[in-house]
Structure formats: C-alpha cells, structure tokens
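Please look through the sequence and the structure shown here before reading on. The paragraphs that follow lead through selected parts of the fold.

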Amino acid sequence: PKSSNSSNSVDRSVVQLMKTQAVLVSQSSLSRGEAELSPCLRAQDYVCQRLRTLSAEANCFRFLLQSEPPHLTQANARPKTYACLWAMTGESHWITTAQASQSLQAFCSCSNTCTCHKSGQSSSSVMKILFRECLTSDDNQKLAALWLRDSAVQLLQLPRSMCLRVLLQLVSTNRQLPPSMRILQDFKVGFLQSNI
C-alpha cells in the first residue's frame, strides 16, 4: 500500500491541476444567496440527481465520470475519464459545528440549512460516493479501462468543467474527513451536496 504522504501528494496534484484549469470555486467567500447559485453547487446537485436516476433505472451503482464526447470534427479525440465512482444512494447528512475547521465550515456554508451563526451547528443533505480519480494515477486509469468493458458500469458524461468541479469537491471533502474514514476498500470516500 502507498504511504499517506504519497496519497497526500496525489491529492495536492489533483487540486493544483483543477486550479490551473480555472474551475476552483471559492465557496467560503460567497454569501448565502450567491452560494445557492454557484456553478459548483448546481453541478453537485445535478450529478446527485443523475446518479440516483441511473441507479434506479439500470440497477447500477458504478459509474465512469467522463467528459462529453468531443465534437466530430476533432480527429482521434475521445472522451476523457476523470474518475471511477461508486454511488451510495442512501440518504446521508454532513453535520458540523462552529468549532470545526475553516475548510469544513466552507463546505457547510453553502447549505440552505446552515445555521452556524445561530445554533453553532449545521446539517447538509449529501450523497456519499466512493471514488478513484483517473487524472494522475496509472492504476486508476487501468481500473477505468476495465470498467469501460464492464456492462454493469454506466457512463456519466458531463461537460468538462462540471467533471472538474465534481472531482474537486470529492477530493476536498475526502481531505476533511478523519484519516481513518478517508479510504474504503481502495476507494476514497467523498461527498456531493444534494437538494440545494
């Protein structure tokens, strides 16, 4: 197994890659009204709805997060795979208190139910997702290739910017969890906010 330092290095590489591509949304700097309209939150809620719909229709819980197929005029262009996702479609909540870290506060501040300034506690409806990012890991890219040939795996194809926002949110929430809760059977644990 890889060391925690190696894992942290991969996480930093993924986050830096997304920042470089200008898709990082600074949620902590948004007012409550602005946060409700942010592209990052709309992307999260949309993806949660898509995952629930596909899971119900196809009885499938494994997905490949891909960019939408390139335009036909682009020679030899293929959809890019960003992550292998395993959706846990049951209801989950992200709860934090006023004493939580600043990064955790930034996540819950985007919720309509955020009441940190009143009661010192907030609760957000989220979907738990196991994921393996495929941008920087050769092993995960090999897994994605195997999943691509598996009829039990569905494709979740989204605009490139939305793929990056979703993956960034998964990486961000994973890093906010206690170390003992970040990994489950070689998959990282992340969350997407739903029902905004």
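The model is a predicted one. A suitable place to begin is Asn140, which, apart from neighbours within four places in sequence, is in contact with Cys84, Arg132, Glu133 and Cys134. Asn140 lies in helix H6, which covers residues 138-148. Its relative accessible area is 10%, and because buried means under 20%, Asn140 counts as buried.

Ile183 offers a second example, this time in strand E5, made of residues 183-184. Is Ile183 buried, exposed or partly exposed? With a relative accessible area of 46%, Ile183 is partly exposed. Once neighbours within four places in sequence are set aside, its contacts are Lys188 and Val189. Ile183 and Phe131 are separated by 52 residues in sequence, and their C-alpha atoms are 9.5 Å apart in space.

Attention now turns to helix H3. This helix has 20 residues and spans 28 Å from its first C-alpha to its last, close to the 28 Å expected at 1.5 Å a residue. Among its buried residues are Leu41, Asp45, Cys48, Leu54 and Ser55. Just after H3, Asn59 adopts a positive phi of about 50 degrees.

How is the packing of two helices described? Two packed helices are described by the angle between their axes and by the distance between those axes. Helix H3 (residues 39-58) packs with helix H7 (residues 160-176) at an angle of about 85 degrees, and their axes are 9 Å apart. Angles of 65 to 115 degrees count as roughly perpendicular, and therefore H3 and H7 are described in that way. On the H3 side, the contact is made by Pro39, Cys40, Ala43, Gln44, Tyr46 and Val47, while H7 contributes Met162, Arg165, Val166 and Gln169. Sorted by class, this contact has 7 nonpolar, 2 polar and 1 charged residues.

The two helices also take part in the largest nonpolar core, which has 25 residues. Val47, Leu51, Leu65, Leu85, Ile129, Leu156 and Val166 touch the most other members of this core. The elements that give two or more residues to it are H3, H7 and strands E1 (62-67), E2 (81-97), E3 (121-133) and E4 (153-158). Which element gives the largest share of this core? Helix H7 does, with 7 residues. Val47 of H3 has contacts with Leu156, Leu158, Met162, Val166 and Leu192, leaving aside neighbours within four places in sequence. A second, separate core of 14 residues includes Leu64, Leu130, Trp147 and Phe187.

Key:
Residues are numbered from 1 along each chain as its sequence is written. This is a predicted model: local features need pLDDT of at least 70, side-chain atom pairs count only at pLDDT 80 or more; totals for chains, interfaces and linings use all residues. Side-chain values use heavy atoms; hydrogens and water are left out. Axes are lines fitted to C-alpha atoms, for helices over the stretch in contact, and angles run from 0 to 180 degrees between N-to-C directions. Helices (H or I, at least four residues) and strands (E, at least two) are DSSP runs, numbered from the N terminus. Angles under 35 degrees count as roughly parallel, over 145 as roughly antiparallel, 65 to 115 as roughly perpendicular and the rest as oblique. Contact means heavy atoms within 4.5 Å. Ala, Val, Leu, Ile, Met, Phe, Trp, Tyr, Cys and Pro count as nonpolar, Asp, Glu, Lys and Arg as charged, and the others, Gly among them, as polar. Buried means under 20% relative accessible area, exposed over 50%, partly exposed in between (1.4 Å probe, protein chains only). A nonpolar core is a set of buried Ala, Val, Leu, Ile, Met, Phe, Trp, Tyr and Cys residues joined through side-chain atoms within 4.5 Å. The expected span of a helix is 1.5 Å times one less than its number of residues.
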